[in-house]
Amino acid sequence: TWCQPCRLEIPYIQSRYERYNTELVVMAVNYDEPENIVQTFAEEFNLTFNVLLDPGGRIQSLYQIRGYPTTYFIDSDGIIRVIHIGFMTESQLDDYLKQVGVGE
C-alpha cells in the first residue's frame with residue numbers, strides 16, 4: 001500500500017486482468033500490513049483479483065522477495081517463467097504475459 005512503484009503499476013495489472021480474466025490468475029500478496037489498510041488499498045484501485053495477506057512474511061520468505069514490487073509470471077504448468085523486480089511498464093507486462101501464453 002505504501003510502495004509507490006506498486007501503486008503505479010497496479011492499474012496496468014488490473015487492466016490486463018479484466019481483459020484476460022479467463023486465462024489469467026492474479027494474486028497480489030501484501031507483506032505484513034493490517035487487513036483494513038489492504039482492503040482500503042484494494043478499494044482505492046477497484047481491484048477485482050485476489051489480494052492476499054502475508055502476516056509475518058512467510059510468503060515473502062518462501063519466494064525470496066528482495067525488493068518491491070516483485071512480480072512472478074507462472075505458466076499454466078506451474079513453472080516460473082519470469083521474475084521482475086521493480087517497476088514494470090505496460091509494454092513489459094504485455095511481453096511477460098505473452099511469454100506465459102496469455103493474450104495470444
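Student: Let me start with one residue: where is the place of Tyr63?

Tutor: Tyr63 sits in the loop between helix 3 and strand 3 (70-74). Please keep in mind that this is a predicted model.

Student: Thanks! Which helices and strands does the protein chain have, and how many of each are there?

Tutor: A good habit is to list the elements before looking at any detail. Here the protein chain has four helices and four strands. Read from the N terminus, their order is α-β-α-β-α-β-β-α. With a radius of gyration of 13 Å, close to the 13 Å that the globule rule gives for 104 residues, the protein chain is as compact as a globular protein of that length.

Student: What does the C-alpha trace span along its principal axes?

Tutor: About 40 × 30 × 20 Å. You can also ask how the parts of the chain meet. Among contacts between residues at least 6 apart in sequence, 53% join residues at least 24 apart.

Student: How much of the protein chain is buried?

Tutor: Burial is read from relative accessible area, and a residue counts as buried when that value is under 20%. By that reading, buried residues make up 36% of the 104 residues. As for the outside, the accessible surface comes to about 6,700 Å², and 49% of it belongs to carbon and sulfur atoms.

Student: Now the inside. Which residues in the largest nonpolar core touch the most other members?

Tutor: To read a core, look for the members with the most partners. This core has 19 residues, and Leu24, Leu47, Phe49, Phe73 and Leu97 are the ones that touch the most other members. The elements that give two or more residues to the core are helix 1 (4-20), helix 2 (35-44) and helix 4 (90-99). Helix 1 gives the most, with four residues.

Student: Let me zoom in on Phe49. Which residues is Phe49 in contact with, leaving aside neighbours within four places in sequence?

Tutor: Phe49 is in contact with Ile10, Ile13, Gln14, Tyr17, Val26 and Ala28.

Student: And the surface: which residues make the nonpolar patch?

Tutor: A patch is read as a group of residues, so let us name the members. Val25, Met27, Val29, Leu52, Ile59, Leu62, Tyr63, Ile74, Ile80, Ile83 and Ile85 make a nonpolar surface patch of about 990 Å². Strand 1 (27-31), helix 3 (58-62) and strand 4 (80-85) are the elements that give two or more residues to the patch. Strand 4 gives the most, with three residues.

Student: So Tyr63 is back! Why does Tyr63 count as partly exposed?

Tutor: Partly exposed covers the range between buried, under 20%, and exposed, over 50%. Tyr63 has 37% relative accessibility, so it counts as partly exposed.

Student: Let us turn to charges. How many salt bridges are there?

Tutor: There are four salt bridges. For each one, read the partners, then where they lie in the chain. Glu44 pairs with Arg7, and their closest N and O atoms are 2.5 Å apart. This pair links distant parts of the chain, with Glu44 in helix 2 and Arg7 in helix 1, 37 residues apart.

Student: Are Glu44 and Arg7 buried or partly exposed?

Tutor: Glu44 is partly exposed, with a relative accessible area of 46%. Arg7, in contrast, is buried at 19%.

Student: Which residues are linked in a network of salt bridges?

Tutor: Arg16, Glu90 and Asp94 form that network. In the bridge between Arg16 and Glu90, the closest N and O atoms are 3.0 Å apart. Arg16 belongs to helix 1 and Glu90 to helix 4, 74 residues apart. In the bridge between Arg16 and Asp94, the closest N and O atoms are 2.7 Å apart. Asp94 also lies in helix 4, so this pair ties together parts that are 78 residues apart in sequence. Arg16 is buried, with a relative accessible area of 4%, while Glu90 is partly exposed at 36% and Asp94 is partly exposed at 23%.

Student: One last residue: where is Asp32 found?

Tutor: Asp32 is in the loop between strand 1 and helix 2. At 43% relative accessibility, Asp32 is partly exposed. Leaving aside neighbours within four places in sequence, Asp32 is in contact with Asp54, Pro55 and Gly56. As for Tyr17, 15 residues away along the chain, its C-alpha atom is separated from that of Asp32 by 24 Å.

Terms used: Residues numbered from 1 in each chain as written. Predicted model: local features only at pLDDT ≥ 70, side-chain atom pairs only at ≥ 80, totals over all residues. Heavy atoms only, no water. Core = buried A, V, L, I, M, F, W, Y, C linked by side-chain atoms within 4.5 Å. Buried < 20%, exposed > 50% of the residue type's maximum accessible area, 1.4 Å probe, protein only. Contact = heavy atoms within 4.5 Å. Patch = residues over 30% accessible without salt bridge, like charges linked within 9 Å, V, L, I, M, F, W, Y side chains within 5 Å. Areas by Shrake-Rupley, 256 points an atom, 1.4 Å probe, with all protein chains shown as cover. Salt bridge = Lys/Arg side-chain N within 4 Å of Asp/Glu carboxyl O. Rg over C-alpha atoms; globule rule 2.2 N^0.38 Å.
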